[in-house]
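Me: I've got a structure open and want to see how its labels are earned. Can you take me through them?

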Amino acid sequence: MIKELLMDAFFAGVAAAGFGAMANAHKRYLFFTALIAGLGHAFRYYLMNSALALPLVPSTFLAAFLISLMGFLFAYKSETASEVITFPALLPMIPGLLAYNTVLYSVNFLKTSDMLEASQLLVKIYTNGLTVSAVLLALVLGASLTVFIDTISTKNKTQKIIKKRLHLNISSMLHLKK
């Protein structure tokens with residue numbers, strides 16, 4: 001299991017670094033993009049292949065949240081936009097083979113005249129297409145959760161600052177009247 005996890009992490013990291021380089025990210029961020037992608041992809045692999053045996057979609061959601069959280073924390077420390085690190089790290093988790101098979105089955109469905117084969121192809125199109133859609137939705141929701149949490153925490157901090165300033169202004173006005 002350790003060997004598979006390391007291989008999964010390595011190849012996801014290489015792919016993420018390639019996506020980051022294609023997106024013209026700064027070279028100093030490529031290592032962290034690869035590291036975060038590798039950890040996230042290996043985490044998804046572990047969730048799916050360990051005793052937990054979670055299905056693909058929940059595993060993808062949790063891994064996307066982990067990648068987004070690590071990307072956000074690294075971006076905060078390095079004072080850069082988290083998208084520079086997070087998006088290339090998420091791309092290796094897109095189910096390309098399932099999407100390809102969906103298109104392939106669709107083309108074969110259009111070419112066939114056998115009703116039995118057509119019905120089998122429709123089932124495959126539906127299954128793969130729904131899986132691709134669900135995985136993409138899980139990626140988006142998992143990655144967006146960190147932004148949502150940051151927005152709420154920033155809103156709470158802003159409200160506290162406003163209340164504190166308002167309280168100081170009222171206190172100073174009351175103090176001046178005395």
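Reply: Sure, burial goes first: buried means under 20% relative accessible area, exposed over 50%, and partly exposed in between (1.4 Å probe, protein chains only). Buried residues make up 30% of the 178 residues in this chain. This is a predicted model, where local features need pLDDT of at least 70 and side-chain atom pairs count only at pLDDT 80 or more, while totals for chains, interfaces and linings use all residues. Residues are numbered from 1 along each chain as its sequence is written, and side-chain values use heavy atoms, with hydrogens and water left out.

Me: Why is methionine 7 called partly exposed?

Reply: Methionine 7 has 42% relative accessibility, which lies between the two cut-offs, so partly exposed is the label.

Me: And what makes leucine 104 partly exposed?

Reply: Leucine 104 has 33% relative accessibility, so the in-between class applies to it too. Leucine 104 belongs to helix α5 (residues 96–111); helices here are DSSP runs of H or I, at least four residues, and strands are runs of E, at least two, numbered from the N terminus.

Me: How many helices and strands does the chain have?

Reply: Six helices and zero strands.

Me: Why is α2 called roughly antiparallel to α3?

Reply: Helix α2 (residues 27–49) and helix α3 (residues 56–78) pack at an angle of about 155 degrees, with axes 8 Å apart. Angles under 35 degrees count as roughly parallel, over 145 as roughly antiparallel, 65 to 115 as roughly perpendicular and the rest as oblique. Axes are lines fitted to C-alpha atoms, for helices over the stretch in contact, and angles run from 0 to 180 degrees between N-to-C directions. The α2/α3 angle is over 145, so roughly antiparallel it is.
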